[in-house]
Amino acid sequence: MHGDERKWTDDAIRKNWVSTVGENINEIERMIAAKTGRQYTEALSSGTAALHLAVKLCGEKLYGQPKVGHGALEGRRVFCSDMTFDATVNPVAYEGGEAVFIDSEYDTWNMNPDALEKAFEIYPDVRLVVLAHLYGTPAKMSELQAICKKHDALMVEDAAESFGATYRGQQTGTFGDVSILSFNGNKIITGSSGGTLLTDSEVDAHKVRKWSTQSREDAPWYQHEELGYNYRMSNIIAGIVRGQLPYLEEHISQKKAIYERYRDELEDLPVKMNSFNPDDTPNYWLSCLIIDPNAMCRQVRSGNEALYISEPGKSCPTEILEALAAFNAEGRPIWKPMHMQPVYRMNPFITRDGNGRGRSNAYIQESAAPDVGADIFSRGLCLPSDNKMTDQEQENVIRIIRACFR
Ligand SMILES: *Cc1c(COP(=O)(O)O)cnc(C)c1O
């Protein structure tokens, strides 16, 4: 928090705009459109709400308006990022569709274009792709966009974690037919909650505004021709976002310094940082490590527990996370891939070889993994990356990690 957040929330309270309309909302929509270069932005209650309306919008564009009580994607498959937070993909299920998970690649940990191409070979009728930029690192957009274009598919772009990151100089959040950002408490810009939907279509922007405010028709009474949602952002939340937005670039440079310090000071260990294409600029939202395969001690994970056997010169995510926790520092496992989640155990999963579900379908999963997502989940971890972290705190974290490999 920088102080301006309080100024704008106080302003809303003083002027009695304590509602889902007000100057803060208008102002952040303008600021986000200016930052990203996108024509229209709609401030919503969360990134998840934005994803829901983005997916619904694309579903209706492709398949028409469903009957009341039916989803826009009923009986339809949708290709989705596999290594992401579940909020990316849940809206496909909200709209009655079936997510088909696409494996990741090692360069950016995002959707693998070869696996996406394979998926279109297997399911040629699919017309929608939901893609996330993991941990603030842009996905391979030119390849992925070309594949979508070739197969006449729309793209929903989840830039919840990557606000401010650029792919070949272009802001993430500008690649999807519809894109979204999040202002959840853990994101690089926060409003405590909140999100936004981005589009270049005025018609789509109006539709989303209407849906997000209970689908009221222009009439003297509450008149409804279609289903509505209460998804509009609060003007109080928008005040916090408004205060934060001028600090986006400062937050990115703090995050970058944290990433580079980890990279430099862990260089001699058998680990690598989460990588990115040199033409791209991530926002460095989370610094992550992946342990070289030959430096992994044995580790097994069940649905809710992990065990490992400590070995000299080797380590594993579980050992490092426990060591950090013992010093009151919080790391996290890598987001567990969607194809390994019990809730999605019946959904198809496509690797680069077009290779169905593979061994990681099982609940119990060993260190040696058959697909990229399961492998990164097994060998990777998210490091403490808060931009308020002091040099001394980061030094302690680095010392603890080094000790794990002794
Ligand atoms: C946080 C996040 C979301 C959800 O955003 P909320 O504002 O928390 O609803 C969606 N996708 C990804 C990749 C996220 O990290």
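Helix 3 (residues 47-63) supplies three residues to the shell around the ligand, the largest share. Helices here are DSSP runs of H or I of at least four residues, numbered from the N terminus. This is a predicted model: local features need pLDDT of at least 70, side-chain atom pairs count only at pLDDT 80 or more, and totals for chains, interfaces and linings use all residues. Residues are numbered from 1 along each chain as its sequence is written, and side-chain values use heavy atoms, with hydrogens and water left out.

**Ligand site**

The ligand has 15 residues around it. A residue counts as near if one of its heavy atoms lies within 4 Å. Nearest are Thr-48, Asp-158, Glu-161, Ser-182 and Lys-187. By class, the shell has eight polar, four nonpolar and three charged residues. Asp, Glu, Lys and Arg count as charged; Ala, Val, Leu, Ile, Met, Phe, Trp, Tyr, Cys and Pro as nonpolar; the others, Gly among them, as polar.

The table lists polar contacts, pairs of N or O atoms within 3.5 Å.

| Side chain | Ligand atom | Distance |
|---|---|---|
| Thr-48 | oxygen | 2.5 Å |
| Asp-158 | nitrogen | 2.6 Å |
| Ser-182 | oxygen | 2.7 Å |

Taken alone, the ligand exposes 380 Å², and the protein buries 93% of that. Areas come from the Shrake-Rupley method with a 1.4 Å probe.

**Helix packing**

Helix 3 packs against helix 7 (residues 202-212) at about 125°, with the axes 11 Å apart. Axes are lines fitted to C-alpha atoms over the stretch in contact, and angles run from 0 to 180 degrees between N-to-C directions. Helix 3 and helix 7 are therefore oblique to each other. Oblique covers angles outside three classes: under 35 degrees (roughly parallel), over 145 (roughly antiparallel) and 65 to 115 (roughly perpendicular).

The axes of helix 10 (residues 317-326) and helix 12 (residues 391-404) cross at roughly 135° and come within 9 Å. Helix 10 is thus oblique to helix 12.

Conventions
A polar contact is a pair of N or O atoms within 3.5 Å; within protein, one must be able to donate a hydrogen and the other to accept it, and residues adjacent in sequence count only if both atoms are side-chain atoms. Helices (H or I, at least four residues) and strands (E, at least two) are DSSP runs, numbered from the N terminus.
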